[in-house]
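Here are a few exercises to work through with the model open beside you. Take each task first, then follow the solution step by step.

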Amino acid sequence: MNLDFNRRLSIAPMLDCTDRHERYFLRLISKHILLYSEMVVANAVLHAKPEQFLGHEPFEYPAVLQLGGSNPADLASASKLVEAAGFQEVNLNCGCPSDRVQNGNFGACLMKEKNVVADCFKAMQDAVSIPVSIKCRIGVDEFDSWEFFEDFIQTIRNAGCRIFIVHARKAWLQGLSPKENREVPPLHYDFVHRLKAQMPDLNISINGGIKTLDQIEEQLKDLDGVMVGREAYENPWFLHDADERIFNDIRPESDDPAKIAAGECRPATRKTLLEAYLPYVEKQIAEGCPMTILVKHLYGLFTGLPGARKFRQALSNGAPRAKGPAEAVTLVKNAMELVQEP
Ligand SMILES: Cc1cc2nc3c(=O)[nH]c(=O)nc-3n(C[C@H](O)[C@H](O)[C@H](O)COP(=O)(O)O)c2cc1C
């Protein structure tokens, strides 16, 4: 098991976004970012074929599978499957505010149940030898004081957890949609920094509203890691220099897609990156994956460049009609021609 990775920069779990294809695509940009899966409900993992929720390529590593749930036994059994599937870490979601998740009594509402979280963590960590981490908020509803947050983390720490990812805003469980819950409650980075200062033995990543490598470097002066969500999905090219600046891995740039897919070089341009993704698209289409799923992750690639909108439109209009691997490749190549990249 290769545990030779660090958490200096990770990509957030995002439902309908960070599936295996997105993770593969992001891995072509950076060799070192830690990639989180979208949340998978523990019960679903237990009752599905492994390929359905745990299928992936080793090329994605280091990768983390995020579980949702609040039943220690189910989470422990699901964690075993996650480990057997090859993931380097398993994460418990204590931050998602959606109604569906609340009805299942997990996600952010677990922050009100610190002892349940501690029991879940223990059961999961006892079941596997890979690390188990917790992703949480700084509070929930009216429970938004420093003391509440500190007590929550301390309880889980006492159960043995050492890795925390903190979305630095609280969640409002009534009245705000999941989207609003990522925007309306104010960010309090100070909570996360205070936590690290007070509990330096913990590995702490900060999350929420971070969009540039400069901001990431600033946070890393005091913290162990930064997790980025929306910016990585909507504008993935911002990660272009991440290996060099965040992980001190200086590799040459190349226009050769094969060298990028082999991890030897960094893509010199966004178009080279896309070329490097194409063999994967061909393979996935041949195995029956719909083109719409494979291309939706590309919509943000040319953000800010002339023709970016036309590129997106060409993909979204053409994807439902692209039938075989050859048609899929032609679609992407034609769409690419609509963009002017400097
Ligand atoms: C579309 C979408 C889906 C998300 N799904 C999850 C999820 O499955 N599990 C989770 O812990 N957080 C989820 N989140 C929250 C992100 O992981 C992250 O905490 C949040 O977007 C704040 O980070 P950002 O400002 O860098 O985007 C989701 C966010 C978005 C935008």
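Two strands count as paired if DSSP finds at least two bridges between them. Keep in mind that this model is predicted.

**Exercise 1.** Find which strands pair with β6, and in which sense.

*Solution.* Start with strand β5 (residues 89-94): 5 bridges join β5 to β6, and the two run parallel. Within this pairing, L92 has I134 of β6 as its bridge partner. Next, turn to strand β7 (residues 163-167), which pairs with β6 over 4 bridges, again in the parallel sense. Here K135 is matched with I165 of β7. Finally, trace the connection: β6, helix α7 (residues 146-158) and β7 form a right-handed β-α-β unit.

**Exercise 2.** Decide whether the faces of β6 are covered or open.

*Solution.* Recall that side chains in a regular strand alternate between the two faces of the sheet. Now sort the residues: V132, I134 and C136 lie on one side, S133, K135 and R137 on the other, and all are buried. That fits the count for the strand (residues 132-137), where 6 of 6 residues are buried.

**Exercise 3.** Work out where the second largest pocket lies with respect to domain 1 and domain 2.

*Solution.* First, its volume is about 490 Å³. Of its 23 lining residues, D19, R20, E38, Q52 and F53 are the closest to the centre. By class, the lining divides into 10 nonpolar, 5 polar and 8 charged residues. Last, domain 1 (9-247) and domain 2 (253-336) both contribute to this lining, so the second largest pocket lies between them.

Conventions. Residues numbered from 1 in each chain as written. Predicted model: local features only at pLDDT ≥ 70, side-chain atom pairs only at ≥ 80, totals over all residues. Heavy atoms only, no water. Buried < 20%, exposed > 50% of the residue type's maximum accessible area, 1.4 Å probe, protein only. Right-handed = clockwise from strand over helix to strand, strands pointing away. 1 Å grid on protein atoms, 1.4 Å probe; cavity = no way out; pocket = protein on both sides within 12 Å on 5 of 7 lines; lining within 4 Å. Points joined across faces, edges and corners; volume = space filled by probe spheres on them. Nonpolar A, V, L, I, M, F, W, Y, C, P; charged D, E, K, R; others polar. Domains from an automatic or database assignment.
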